[in-house]
Amino acid sequence: MTDIDPRPTVIAERLRGVKRIVAVTGWKGGIGKSVTASTLALLLAQKGFKTGLFDLDFAGASDHLVLGAKGLFPKEEKGLEPPVFRGVKFMSVVFFSENKAVPLRGANVSDAIIELLAITQWGELDFLVLDMPPGINDAALDVMRFAAGAEVLAITAPSLLAHDVLARSLELYKKLKVPVLGVVENLSSGGRAKGADAVIRRDPGLERALGRPAALLKTAFARDLGRAARKLGLFK
Ligand SMILES: Nc1ncnc2c1ncn2[C@@H]1O[C@H](COP(=O)(O)OP(=O)(O)OP(=O)(O)O)[C@@H](O)[C@H]1O
Ligand SMILES: [Mg+2]
């Protein structure tokens with residue numbers, strides 16, 4: 001009898017064709033992880049990159065709302081093939097929760113996420129963007145462990161408390177040897193942000209553009225995010 005966990009090998013095999021994995025994280029709620037992950041995926045696809053987006057936030061999946069992706073479902077084909085929306089291969093835990101709050105906890109969430117990582121067929125991708133579960137719970141750590149090589153795009157906000165949790169999260173990533181692509185301060189009112197590599201300003205027009213990808217790509221938010229992504233070397 002052997003009790004070696006086969007899943008890391010299966011997941012590594014599934015992600016073999018993915019050149020870069022960008023994990024959009026943030027230790028606080030409501031600081032723009034989902035709008036950043038979704039808009040970044042749209043920007044990358046617009047630039048011609050083969051792009052995937054995976055919403056892993058079991059408690060509050062929202063990328064489908066940001067994108068306005070309705071009526072989609074993965075195809076079962078030797079695993080699950082993500083549907084394509086606006087050039088982005090899109091996978092979300094919402095496909096399996098039917099829009100209900102999912103009462104999964106702890107190990108259950110981790111298991112479900114690992115299961116999804118193990119069965120999703122991404123094929124060849126230049127970028128896979130992960131909208132991570134908030135915080136640094138078991139589920140988030142498991143994703144970083146299983147999606148080997150993922151780089152963290154850390155989102156923070158201009159508040160003392162957000163900066164404090166950010167500092168602690170960066171320390172932990174260092175300890176875990178997880179590469180950090182960069183820190184982006186979102187919801188900025190302009191000016192330089194201490195400890196951030198780039199800023200995204202508060203955009204009063206963003207809310208109106210949610211659910212409309214073409215409008216979303218034209219927002220000041222998307223422009224700032226594009227500038228941040230260039231600065232962090234995601235594209236030219
Ligand atoms: N730069 C910005 N300008 C204006 N509104 C913003 C900006 N960034 C985020 N928001 C708004 O803030 C709200 C929260 O954003 P979002 O859902 O992406 O955060 P989150 O970090 O993913 O939250 P959660 O922790 O709940 O998953 C949304 O309504 C979004 O439109
Ligand atoms: Mg979110």
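**Notes on the predicted model: ligand shell and sheet**

1. Let's begin at the ligand. In this predicted model, ligand 1 is surrounded by 21 residues. The closest of them are Gly29, Gly32, Lys33, Ser34 and Val35.

2. Which elements give two or more residues to that shell? They are helix 2, strand 9 and helix 7 (206-209). Helix 2 gives the most, with three residues.

3. What is the shell made of? Sort its residues by type and you get eight nonpolar, eight polar and five charged.

4. Now for the sheet. It is open and has eight strands, in the order 5-6-2-7-1-8-9-10, and the pairing is mixed. At the edges sit strand 5 (84-85) and strand 10 (198-201), each of which pairs on one side only. If "pairing" is a new word for you: strands of a sheet pair through backbone hydrogen bonds, either parallel or antiparallel.

5. For a parallel example, take strand 1 (residues 18-25) and strand 8 (residues 151-156), which are joined by four bridges. To find one on screen, pick Ala23: its bridge partner in strand 8 is Val152.

6. Back to helix 2, which spans residues 33-46. This helix lies across six strands that you can look up one by one: strand 1, strand 2 (51-55), strand 6 (88-92), strand 7 (125-131), strand 8 and strand 9 (180-188). Its angle to strand 7 is about 165°.

7. Helix 6 (residues 160-176) is worth a look too. It lies across strand 8 and strand 9, and runs at about 165° to strand 8.

Terms used
Residues numbered from 1 in each chain as written. Chains lettered and ligands numbered in written order. Predicted model: local features only at pLDDT ≥ 70, side-chain atom pairs only at ≥ 80, totals over all residues. Pairing = 2+ DSSP bridges. Contact = placed C-beta atoms within 7 Å. Axes fitted to C-alpha atoms, helices over the stretch in contact; angles between N-to-C directions. Near = placed C-beta within 6 Å. Nonpolar A, V, L, I, M, F, W, Y, C, P; charged D, E, K, R; others polar.
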